[in-house]
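Here is a short, friendly walk through one structure, written to be read with the model open beside you. Take your time and turn the view as you go.

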Amino acid sequence: MITVRLPETLRDGRGAVMTMNAASLDDIIARLELEDDRDELYNFAVNGELIVHGEHAVKLADGDEVEIVVAFSGG
């Protein structure tokens, strides 16, 4: 099982933390229907390590923790 921490914008009746079976970040992106929003709105951290690029190639193992964070830009 993978633990997924959701930002408030994605909770939509779900709790702040959910668990799911997922083999990759792509599985999580699909299950939460983030395909269209991902590039602009959300980043991912796996076991505390921010994934800046290549999230589609990230595989997950049982016990991993994924945090979805709202992307922000500064200038």
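## Starting in a loop

Let's begin with E55, which sits in the loop that links β4 and β5. Keep in mind that this is a predicted model. Is E55 buried or exposed? With a relative accessible area of 6%, E55 falls below the 20% limit and therefore counts as buried. If you would like a distance for orientation, the C-alpha atoms of E55 and A22 are separated by 14 Å, and these two are 33 residues apart along the chain.

## D64, a buried acid

The loop between β4 and β5 is also where you will find D64. D64 is buried and has no salt bridge. The nearest side chain of opposite charge belongs to K59, and it is 12 Å away.

What lies around D64, then? Setting aside its neighbours within four places in sequence, D64 is in contact with M1, I2, T3, V46, N47 and K59. A polar atom of the D64 side chain also lies 2.8 Å from the backbone nitrogen of A61.

## The sheet as a whole

Now for the strands. Five of them make an open sheet in the order β2-β1-β5-β3-β4, and the pairing is mixed. At the edges are β2 (17–20) and β4 (49–51), each of which pairs on one side only. On average, neighbouring strands of this sheet are turned by 30° against each other, direction ignored. As a reminder, strands of a sheet pair through backbone hydrogen bonds, either parallel or antiparallel.

## From β2 to β5

Follow the sheet in from the β2 edge. Strand β1, residues 2–5, pairs with β2 in the antiparallel sense over four bridges. In that pairing, V4 stands opposite M18 of β2. β1 also pairs with β5, here in the parallel sense and over three bridges. V4 takes part again, with V66 as its bridge partner in β5.

How many salt bridges does the structure hold? There is one, formed by R5 and E65, whose closest N and O atoms are 3.8 Å apart. R5 belongs to strand β1 and E65 to strand β5 (residues 65–70), so the pair ties together parts that are 60 residues apart in sequence. R5 counts as partly exposed, at 36% relative accessibility. E65 is partly exposed too, with a relative accessible area of 38%.

## β3 and the hairpin

On we go to strand β3, residues 42–46, which pairs with β5 in the antiparallel sense over five bridges. Two of the facing pairs are easy to look up: V46 stands opposite V66 in β5, and N43 stands opposite V69 in β5. Why is β3 described as largely enclosed by the rest of the structure? The reason is that four of the five residues of β3 are buried.

Finally, β3 and β4 run antiparallel and are joined by three bridges. Here V46 stands opposite E49 in β4. The two strands form a hairpin with two residues between them, and N47 in the turn has a positive phi of about 50°. That brings us back to D64, since V46 and N47 are among the residues in contact with D64.

Terms used
Residues numbered from 1 in each chain as written. Predicted model: local features only at pLDDT ≥ 70, side-chain atom pairs only at ≥ 80, totals over all residues. Heavy atoms only, no water. Pairing = 2+ DSSP bridges. Axes fitted to C-alpha atoms, helices over the stretch in contact; angles between N-to-C directions. Salt bridge = Lys/Arg side-chain N within 4 Å of Asp/Glu carboxyl O. Buried < 20%, exposed > 50% of the residue type's maximum accessible area, 1.4 Å probe, protein only. Lys, Arg positive; Asp, Glu negative; His and termini not counted. Polar contact = N/O pair within 3.5 Å; in protein donor to acceptor, adjacent residues only side chain to side chain. Contact = heavy atoms within 4.5 Å.
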